[in-house]
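Thanks for making time this morning. I would like to walk you through one structure slowly, so please keep the sequence and the picture in view while I talk.

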Amino acid sequence: MNALPDEELATRVWRGMRGLVVDRHERRKEVCEALGMSFIRVKALRLVAAGPLTLRRLAEQLTTDPPYTTVVVADLERRGLVERAPHPGDRRAKIVSITPEGVRAAELAERILGTPPAALLALDPADLDALDRVITRLLATGPAS
């Protein structure tokens, strides 16, 4: 059997992973349709569900600029999913918090995004365990380009 060079093999594996997650089992469209909003709004809602954030910190975590983040938060607020309040320690800043309706929407998003595809559930337990070990190791290496 002819072994592929490491980079070529890694490229093939990466394409396969992308194809599996992004093309074949993409959950973004499903969650956007279920909640009736763009994915950046879903992402913002999930971040705020983890705990209140300033608009600035939310913009950093979303990797969006502050004016656009304000538009996103205003829309979530209009929908009754988040609330903005003055920051107790900095009157120039606003804190974004989730509402009970927002908690329900964020939980639905998590259920949709966290549901494994049938193909993954059908894997042999030994294969699933091996995949878990590899993914855990890849995630432990931290962000990379």
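Let me begin with Val134, which sits in helix H8 and which counts as partly exposed because its relative accessibility is 45%, a value that falls between the 20% limit for buried and the 50% limit for exposed. Please keep in mind throughout that this is a predicted model.

Val134 has company, since together with Leu9, Val13, Trp14, Met17 and Leu138 it forms a nonpolar patch on the surface, and these residues have about 530 Å² of accessible area together. The elements that give two or more residues to this patch are helix H1, residues 6-24, and helix H8, residues 125-140, and the largest share, four residues, comes from H1.

So what does H1 look like along its length? H1 has 19 residues and reaches 25 Å from its first C-alpha to its last, which is close to the 27 Å expected at 1.5 Å a residue. There is also a kink of about 25° in H1, and this kink is centred on Arg18.

Now to the charged side chains. In general, side chains of opposite charge can pair when their charged atoms come close. In this model the count comes to eleven salt bridges, and I will take a few of them in turn.

In helix H2, residues 28-35, we find Glu33 and Lys29 four residues apart, about one turn of the helix, and they form a salt bridge in which the closest N and O atoms are 3.9 Å apart. Both Glu33 and Lys29 are exposed.

Helix H4, residues 55-62, holds Arg57 and Glu60, three residues apart, with 2.9 Å between the closest N and O atoms of their salt bridge. Arg57 is partly exposed because its relative accessible area is 40%, and Glu60 counts as partly exposed at 45%. As for the spacing, an α-helix has 3.6 residues a turn, so residues three or four places apart point the same way.

Another salt bridge joins Glu77 to Arg84, where the closest N and O atoms are 2.7 Å apart; Glu77 is partly exposed at 28%, and Arg84 is partly exposed at 29%. Arg41, Asp75, Arg78 and Arg79, in turn, are linked in a network of salt bridges.

Finally, the strands. Five bridges join strand E2, residues 82-86, to E3, and the two run antiparallel, with Pro86 having Lys94 as its bridge partner in E3. Strand E1, residues 53-54, is also antiparallel to E3, residues 94-98, and is joined to it by two bridges, one partnership being that of Leu53 with Val96.

Notes:
Residues are numbered from 1 along each chain as its sequence is written. This is a predicted model: local features need pLDDT of at least 70, side-chain atom pairs count only at pLDDT 80 or more; totals for chains, interfaces and linings use all residues. Side-chain values use heavy atoms; hydrogens and water are left out. Patches are made of residues with over 30% relative accessible area and no salt bridge: like charges are joined within 9 Å, nonpolar side chains (Val, Leu, Ile, Met, Phe, Trp, Tyr) within 5 Å. Accessible areas come from the Shrake-Rupley method with a 1.4 Å probe; for residues, only the protein chains shown count as cover. A salt bridge is a side-chain nitrogen of Lys or Arg within 4 Å of a carboxyl oxygen of Asp or Glu. Buried means under 20% relative accessible area, exposed over 50%, partly exposed in between (1.4 Å probe, protein chains only). The expected span of a helix is 1.5 Å times one less than its number of residues. The bend at a residue is the angle between axes fitted to the seven residues ending there and the seven starting there. Two strands pair if DSSP finds at least two bridges between them.
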